[in-house]
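Reader: I am new to this structure and would like a close look at one part of it. Please show me the model before I ask.

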Amino acid sequence: MMAYPDNTKIISILASISIVLGFLENLFPLPIPFIRLGISNIPIVIGVYLIKELRFLLLLGGIKSLITAIFSTGFIFRLIIAFPSILVAILFMFYYHKATKNYSSAISTSVIGSVVNITMQFIIIKLVIIKHLAFLKILPYFILAAILTGAIVGLISNNILNKRG
Amino acid sequence: MPNMQKLSLFLILIILFGCNESFTTKPFFSMGTLVEITVSEKDKTEIENIKSEIERLSEFVKEETNKINVAGKNEKVVVDKRFIALLKKGGYFHDISQGRFDITIHTIMKLYGFPEGPYKVPSRSTLDQFSSYIGFENLIINENFVIKKSDFTIDMGAYAKGWIVDEAINFMKSRSIKNGIVNAGGDLYCLGDKNGDGWKIGIQHPDDKEKVISVLKLVNKAVVTSGDYERFFIENGKKYIHIFDAKKKETADNYKSISVIADSVEMADGLSTVYFLLNPQEIRSLCDKLKTPVLIYHLNGNIEKLCGWEKFEVN
Amino acid sequence: MKSIKPFDIIVILFIFGITIYLMKTENEAIKKAYIIIDEKKYPLNLDQNGIIDLKIYGKNMKVEVKDKKAHIIESDCRDKICIHMGYVKDCGDTAICLPNKTAIVIECEKNRYDGISR
């Protein structure tokens, strides 16, 4: 049970950094709606490398999306979309990292997380919120954007992880 | 645990592509037009039944109409109750158009050769003679019979097709078909949805049938377009279209096309003709009252969207 | 300190490739032309230019195919509406001759519209 206090420490630090970064990012919106760089995801990607247990990782994602949602307008709306998306994204990142540990870096892990996240958001919006709107067609464009932002986030995360030693 | 990864990917793929039902469309000729029925692959076997239902109803309207048209003045004509309801609907459209819409206008329209052709402009004296017969008030409607007070003929082509489509949709519902389209030459009803999404309907451009002027997403709604471009002829520089104003007793080339969204095809069908006979102000106040979105394509090419048409549009 | 590893490139290219592929297939619907005669559908090859006489189907009509477009050029029906309807070439286009119960239509695997109101 030695791992327990260690993980909680890491989670609380990463979650708080992630939430702060999320707010900072919301202060400076990009010209294109719905597309954000996603710097708040840097701590999540780092978490995938630091935390070895999936449940703690999911806890990190859950805390992040819950608190960000509480302090933003349209709480339920954001929670319904963000909460499951981030958990599924973390699931993908975790197993991808586990399976390809020696042959991949945080860059592709982050890209996978980012692409899965946006795809999940689309699916949830389509299934739950706007049924009568054919906008799955624009998903590929968002995926392309997600590859780019995911790679940037991954690159930053990778540098931080490498500096650590 | 790598199995879990595969499983979640598989689940996402299923959500994305798996639950889409495929639809099939069958065309056939009926009601003097090309009818297209779209149903899901599993309801395909019902198409034949829907088709014979449409043909039966089409024959019914034709026969009952004919009974009235061949009857003499003051003769008691017994017709089916459902047909009485259809005639009364004609009275409703007559009222809301302040008498401009009138099913007895067929009396002079047939002199021009409408609807089948060959077309010609009748002589003034013939027109004057037949014009005096026109008037919905000359048709006395009782519970199960009608009496003609003058020698007119009727045609309910302006909305009977819509009624038949509505009946076909009711038939489909009784066969527990939940999703589909019945499109009778552009008068169509969208039943249910298409894989959770609305049916995508284009409104044809009056001058260029390769273009559309509006794209709609419809669920359980009817849309009908009346235009001046499908049945018409030109003589001595004047365009004679298949829509006639019963008050002026002449052709009414007021717009290029008018499309109406309503809850039933009968309503959308009749209203598209009624609106065609009204001026834009009158259309605005009437569609507001009836809550039926309208798209007007003016003769000069301007497009006007009224009473919430935009709410049904996509892109 | 090597940061980019082989799987990074493979994964990014893979996702990129799939996305581009999905975008392409979305836009390229497969067109199919048909002649409908008395409710029967006969496929019409738009790649082969020429004039098709419908006499073999018992109709006094002729259809011309030219440059991936088709139109009715001759018909014994009274109103000749089908001839005025002009060329059909895009998804959902139709030219209909009611008296002869004949039409040429273009259908697509992925139709642009589920229905056209005209």
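Reader: In what sense do β6(B) and strand β7 of chain B pair, and over how many bridges? Please take that part closely and then place it among the other chains.

Author: This is a predicted model. β6(B) and β7(B), the latter covering residues 187-191, pair in the antiparallel sense, and 5 bridges hold the pairing. One of the pairs can be named: N183(B) has L188(B) in β7(B) as its bridge partner. The two strands form a hairpin, with 2 residues between them. In that turn, G185(B) has a positive phi of about 55°.

β6(B) has another pairing as well. Strand β2 of chain B, residues 33-40, pairs with β6(B) in the antiparallel sense over 5 bridges. Here T38(B) is the residue that stands opposite I181(B) of β6(B). In general, the strands of a sheet pair through backbone hydrogen bonds, and the sense can be parallel or antiparallel.

Next comes burial. Strand β6(B) spans residues 180-184, and 5 of its 5 residues are buried, so the strand is largely enclosed by the rest of the structure. Both faces are covered. G180(B), V182(B) and A184(B) are buried on one side, while I181(B) and N183(B) are buried on the other. Two of these residues have already appeared: I181(B) faces T38(B), and N183(B) is bridged to L188(B).

Chain B also has a helix contact to consider. Two packed helices are described by the angle between their axes and by the distance between those axes. For helix α3 (residues 81-96) and helix α7 (residues 265-276) of chain B, the axes come within 10 Å and cross at roughly 35°. The crossing of α3(B) and α7(B) is right-handed. On the α3(B) side the residues are K89(B), F93(B) and I96(B), and they meet E266(B), G270(B) and V274(B) of α7(B). By type, the residues of this contact of α3(B) with α7(B) are 3 nonpolar, 1 polar and 2 charged.

A further strand of chain B pairs across to another chain. Strand β8 of chain B, residues 199-204, is joined to β8(C) by 3 bridges, and the two run parallel. In this pairing I201(B) stands opposite G115(C). The contact between the chains involves 18 residues of chain C and 27 residues of chain B. On the chain C side, the elements giving two or more residues are β6 (94-97) and β8 (115-117) of chain C. Of the elements there, β8(C) gives the most, with 3 residues. The residues on this side of chain C divide into 7 nonpolar, 3 polar and 8 charged.

Chain C itself has 2 helices and 8 strands. Their order from the N terminus is α-β-β-β-β-β-α-β-β-β. Chain C has 118 residues, and 31% of them are buried. Where contacts in chain C join residues at least 6 apart in sequence, 30% of them link residues at least 24 apart.

Within chain C there is an open sheet of 3 strands in the order β3-β4-β5, with antiparallel pairing. β3 (50-53) and β5 (69-75) of chain C are at its edges with a single partner strand each, so one side of each has no neighbour in the sheet. On average, and ignoring direction, neighbouring strands of this sheet are turned by 25° against each other. β3(C) and β4(C), residues 61-66, run antiparallel and are joined by 4 bridges. G50(C) stands opposite V65(C) there.

Chain C also touches chain A, in a contact that takes 15 residues from chain C and 17 residues from chain A. The chain C side of that contact divides into 10 nonpolar, 2 polar and 3 charged residues.

Chain A has 6 helices and 0 strands. It has 165 residues, of which 39% count as buried. For contacts in chain A between residues at least 6 apart in sequence, 74% join residues at least 24 apart. An unreviewed UniProt entry lists "transmembrane region" for several spans of chain A, including residues 7-24 and 141-161. In the model, residues 7-24 of chain A are 100% helix and 0% strand, with end C-alpha atoms 26 Å apart. Residues 141-161 of chain A are also 100% helix and 0% strand, and their end C-alpha atoms lie 30 Å apart.

Conventions:
Residues numbered from 1 in each chain as written. Chains lettered and ligands numbered in written order. Predicted model: local features only at pLDDT ≥ 70, side-chain atom pairs only at ≥ 80, totals over all residues. Buried ≥ 20, exposed ≤ 12 C-beta atoms within 10 Å, placed from the backbone. Contact = placed C-beta atoms within 7 Å. Pairing = 2+ DSSP bridges. Axes fitted to C-alpha atoms, helices over the stretch in contact; angles between N-to-C directions. Left-handed = near helix turned anticlockwise from the far one by under 90°. Nonpolar A, V, L, I, M, F, W, Y, C, P; charged D, E, K, R; others polar. UniProt positions renumbered as here; feature names shortened; annotations may be inferred.
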